[in-house]
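Here is a short set of exercises on reading a protein structure. Keep the 3D view open, try each task yourself, and then follow the solution step by step.

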Amino acid sequence: MKIFIDAGHNYSGADTGAIGNDLKEQDVTVEIANCLAELLQKSGHTVHLSRTSKEDNCGYTVTESLHNRVAMANDWKAELFISIHCNAYNGKARGTETLVYSQGNKASEYAERIQSAIVGHLGTQDRGVKVRPDLFVLRKTTMPALLVETAFIDNKEDAMLLQNNQKEFAKAIFEGITGQKVEGKEEDAWVEQTVMKLPEEVYVQEIEPKDFKVVVCDREKKDIPLGSYFNCGYFATEKGGRTVPVGNLASDGKIVAQAKDNANWMNLSGKALTTVYTTDYGECGIVKTDNLSTIKGLKSAVSGIPIIVGGKQVSLDEIKAEGYFGNELYDTWHGFLGIRHNKLVYVAMKCAFNQMCWALVALGIYDAIKLDGGGSFILKDGKELTGTEENRRIHNVGVW
């Protein structure tokens with residue numbers, strides 16, 4: 001991905017940033033930006049920086065500076081714009097906030113993840129994701145754009161974080177963008193490993209194919225009147241809040257949705273999708289199709305992001321070829337539906353893409369898809385075992 005990193009403000013001229021506790025905003029932002037650029041480049045992304053040193057200038061006045069930053073990103077045809085800043089107010093205000101032009105789009109998805117990562121790793125006060133359509137760099141850029149207010153430079157506690165943890169801020173932003181964690185010492189962060197550590201919490205439920213059922217619910221995930229269930233297939237939300245299925249989905253032998261019939265605005269429309277299914281004969285299987293009517297004796301079916309098929313890890317390019325964006329694989333709670341010894345196995349764990357395949361293999365699962373996750377994730381077995389905080393309205397659940 002082509003990512004434009006804007007290190008907020010300039011070293012000289014009218015567009016200098018906030019000052020507090022012997023720190024200058026323009027110095028802190030360029031250090032975080034450089035660290036972030038290095039991490040992204042090592043991860044295979046293409047990066048363009050608005051400036052790379054404290055002495056670089058993007059324009060001497062505020063107006064010139066903002067116009068130049070936006071023009072650089074637009075002319076370069078960036079796919080994501082990230083502007084890094086430090087906040088300032090009254091010396092007492094604290095915390096992190098991430099600003100977007102509007103909600104419900106790709107920029108806001110990135111913003112939510114970056115906000116969560118910074119708060120989680122640095123322990124800053126969570127001021128949330130906020131809509132700011134008045135900001136020039138968010139209003140005039142032609143790609144998804146967000147502005148990260150890392151912390152308050154005029155607050156002593158926040159300033160100490162900004163002074164001593166610039167690499168950690170960069171790592172958190174990197175994690176929010178890519179879903180990948182940078183662990184260990186800097187020099188060890190990119191060493192290839194063959195020994196993988198499993199997530200700390202893993203839930204596993206083996207299901208006889210005859211006992212599995214997909215239930216269409218279209219209601220808030222925590223308020224579904226069923227004893228045991230997990231969120232299942234991908235969906236979209238229409239105006240008014242109604243949910244509609246995306247991809248392949250079948251319930252009680254009836255086809256609810258299939259990719260060949262998906263509306264053109266859906267990213268999975270017309271794609272052959274990796275799908276786990278059960279039949280009236282008590283069997284289960286995995287197939288890649290856009291047409292569920294070809295499955296003999298179809299009982300239930302759900303498509304999802306392929307993670308491992310036939311014992312082979314599915315690459316990110318193969319995943320994107322099915323219509324997914326790849327950013328659905330960030331580090332959060334995910335549910336997986338796989339096959340082991342002719343039975344279905346549901347697995348729930350908090351992990352990122354680089355852990356998914358190997359954790360499933362460790363559980364003896366060599367065919368599996370990732371179900372919808374993140375804000376839709378919930379696992380209930382008599383009581384809620386785990387789930388993300390948001391009580392999102394979801395379309396369907398898996399039941400056993």
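The model shown here is predicted.

**Exercise 1. A glycine in a loop**

Task: Find which residues glycine 304 touches, not counting residues up to four places away in sequence.

Solution.
- Step 1: Look at the contacts. Glycine 304 touches Tyr234, Thr274, Glu322, Tyr324, Ile369 and Lys370.
- Step 2: Take one of these partners and check the spacing. Threonine 274 lies 30 residues away along the chain, yet its C-alpha atom is 6.4 Å from that of glycine 304.
- Step 3: Place the glycine in the fold. Glycine 304 sits in the loop between S18 and S19.
- Step 4: Decide whether glycine 304 is buried or exposed. Buried means under 20% relative accessible area. Glycine 304 has a relative accessibility of 0%, so it is buried.

**Exercise 2. The strand after the loop**

Task: Work out which strands pair with S19, starting with S23 and going on to S20.

Solution.
- Step 1: Follow S19 to S23 (residues 367-370). The two strands run antiparallel and are joined by three bridges.
- Step 2: Now follow S19 to S20 (residues 312-313). This pairing is also antiparallel, with two bridges.
- Step 3: Look for a residue that takes part in both. Isoleucine 308 stands opposite alanine 368 in S23, and isoleucine 308 also stands opposite glutamine 313 in S20.
- Step 4: Inspect the turn. S19 and S20 make a hairpin with two residues between them, and glycine 310 in that turn has a positive phi of about 65 degrees.
- Step 5: Ask how enclosed the strand is. Four of the five residues of S19 (residues 305-309) are buried, so the rest of the structure largely encloses this strand.

**Exercise 3. A five-stranded sheet**

Task: Write down the order of the strands in the open sheet that contains S14, and name the edge strands.

Solution.
- Step 1: Read across the sheet. The order is S15-S14-S18-S16-S17, with antiparallel pairing.
- Step 2: Find the strands that pair on one side only. These edge strands are S15 (254-257) and S17 (284-289).
- Step 3: Look at the twist. From one strand to the next, it averages 30 degrees.
- Step 4: Zoom in on S16 (residues 273-279). S16 pairs with S18 (residues 298-303) over five bridges, and with S17 over six bridges.
- Step 5: Pick out threonine 278. Threonine 278 stands opposite serine 300 in S18, while its bridge partner in S17 is cysteine 284.
- Step 6: Check the turn between S16 and S17. Their hairpin has four residues between the strands, and glycine 282 takes a positive phi near 80 degrees.

**Exercise 4. The two sides of a helix**

Task: Sort residues of helix H5 into buried and exposed, and explain why the buried ones line one face.

Solution.
- Step 1: List the buried residues. In H5 (residues 156-164) they are Asp158, Ala159, Leu161 and Leu162.
- Step 2: Look down the helix axis. The buried residues fall within an arc of 155 degrees, so they line one face of H5.
- Step 3: Recall a general rule. An α-helix has 3.6 residues a turn, so residues three or four places apart point the same way.
- Step 4: Turn to the other side. There, Lys156, Met160 and Asn164 are exposed.
- Step 5: See what covers the buried residues. The cover includes S3 (23-24), H1 (25-42), S5 (80-87), H3, S8 (145-152) and H6.

**Exercise 5. Two helices in contact**

Task: Describe how H3 and H6 cross and which residues meet.

Solution.
- Step 1: Start with the axes. Those of H3 (residues 106-122) and H6 (residues 166-178) come within 8 Å and cross at roughly 145 degrees.
- Step 2: Add the handedness. H3 passes H6 in a right-handed crossing.
- Step 3: Name the contacts. On the H3 side they include Tyr110, Ile114 and Ile118, and on the H6 side Phe169, Ala172 and Ile173 are among them.
- Step 4: Sort the contact by type. Its residues divide into nine nonpolar, two polar and three charged.

Key
Residues numbered from 1 in each chain as written. Predicted model: local features only at pLDDT ≥ 70, side-chain atom pairs only at ≥ 80, totals over all residues. Heavy atoms only, no water. Axes fitted to C-alpha atoms, helices over the stretch in contact; angles between N-to-C directions. Left-handed = near helix turned anticlockwise from the far one by under 90°. Contact = heavy atoms within 4.5 Å. Nonpolar A, V, L, I, M, F, W, Y, C, P; charged D, E, K, R; others polar. Buried < 20%, exposed > 50% of the residue type's maximum accessible area, 1.4 Å probe, protein only. Arc of directions from axis to C-beta. Pairing = 2+ DSSP bridges.
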